[in-house]
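Reader: I would like a close look at one part of this model, with its surroundings included. Please keep the account plain.

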Amino acid sequence: MASILFVCLGNICRSPLAEGVAAAFAMQNGKEVQLDSAGTGAWHIGNPPDSRSIAVAQSYGVDISRQKARQLQVTDFARFDLICAMDRQNLADIQALRAANSEASNHAEVRLLLDFAPDGIGQDVPDPYYGDGSDFLHVWTLVNQAMPSLFSALLGED
């Protein structure tokens with residue numbers, strides 16, 4: 001079974017939304033895939049997603065309220081086929097963790113999530129934490145745009 005890890009800074013805003021969108025996409029399209037999310041930082045370990053992320057997901061019928069924040073681990077490079085960073089700083093932090101740990105597997109491909117979105121190559125999913133509720137809706141929209149191509153690429157479909 002293919003596996004995807006979504007990574008942002010604290011694992012309470014963008015990556016939980018991405019995990020929720022991916023789960024909904026997989027269910028709607030009959031795809032079996034292992035999903036998880038993590039943060040590069042440890043500030044929110046064990047906490048649920050930001051209430052604004054939960055609210056946006058709920059407005060689309062997706063429940064992310066049971067997710068718990070965790071930090072990216074060296075073992076994730078072996079556990080997942082694809083690690084999707086929400087922005088270029090997350091990408092650099094993920095790559096630095098891999099480079100600094102000789103035991104880190106080279107199994108996982110590490111990419112920006114929006115590399116899979118139409119015209120999104122090299123673009124960041126902006127961090128909505130300090131914005132208003134509309135910023136979370138924008139994240140939801142961006143993440144949704146990437147899902148069809150991400151699943152096609154991961155599962156080897158056209």
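Which residue just after α1 takes a positive phi?

Author: The model is predicted, and the values below are computed from it. Just after α1, the residue with a positive phi is G30, at about 65°.

The helix that precedes G30 covers residues 14-28. Helix α1 has 15 residues and reaches 21 Å from its first C-alpha to its last, close to the 21 Å expected at 1.5 Å a residue. Twelve of those 15 residues are buried, so α1 is largely enclosed by the rest of the structure. The buried set begins with R14, S15, P16, L17, A18, E19, G20, V21 and A22, and A24, F25 and A26 belong to it too. Their packing partners are two strands, β1 (2-8) and β2 (33-39), and three helices, α2 (51-59), α4 (88-100) and α5 (133-155).

The cysteines are a separate matter. A disulfide requires two cysteine sulfur atoms within 2.5 Å, and by this rule the count comes to zero. For C13, the closest cysteine sulfur is that of C8, and the 6.6 Å between the two sulfurs is too far for a bond. C84 is in no disulfide either, since its nearest cysteine sulfur, again that of C8, is 12 Å away. As for accessibility, C13 is buried, with a relative accessible area of 4%. C84 is buried as well, with a value of 0%.

How values were computed. Residues are numbered from 1 along each chain as its sequence is written. This is a predicted model: local features need pLDDT of at least 70, side-chain atom pairs count only at pLDDT 80 or more; totals for chains, interfaces and linings use all residues. Side-chain values use heavy atoms; hydrogens and water are left out. Buried means under 20% relative accessible area, exposed over 50%, partly exposed in between (1.4 Å probe, protein chains only). Helices (H or I, at least four residues) and strands (E, at least two) are DSSP runs, numbered from the N terminus. The expected span of a helix is 1.5 Å times one less than its number of residues. Contact means heavy atoms within 4.5 Å.
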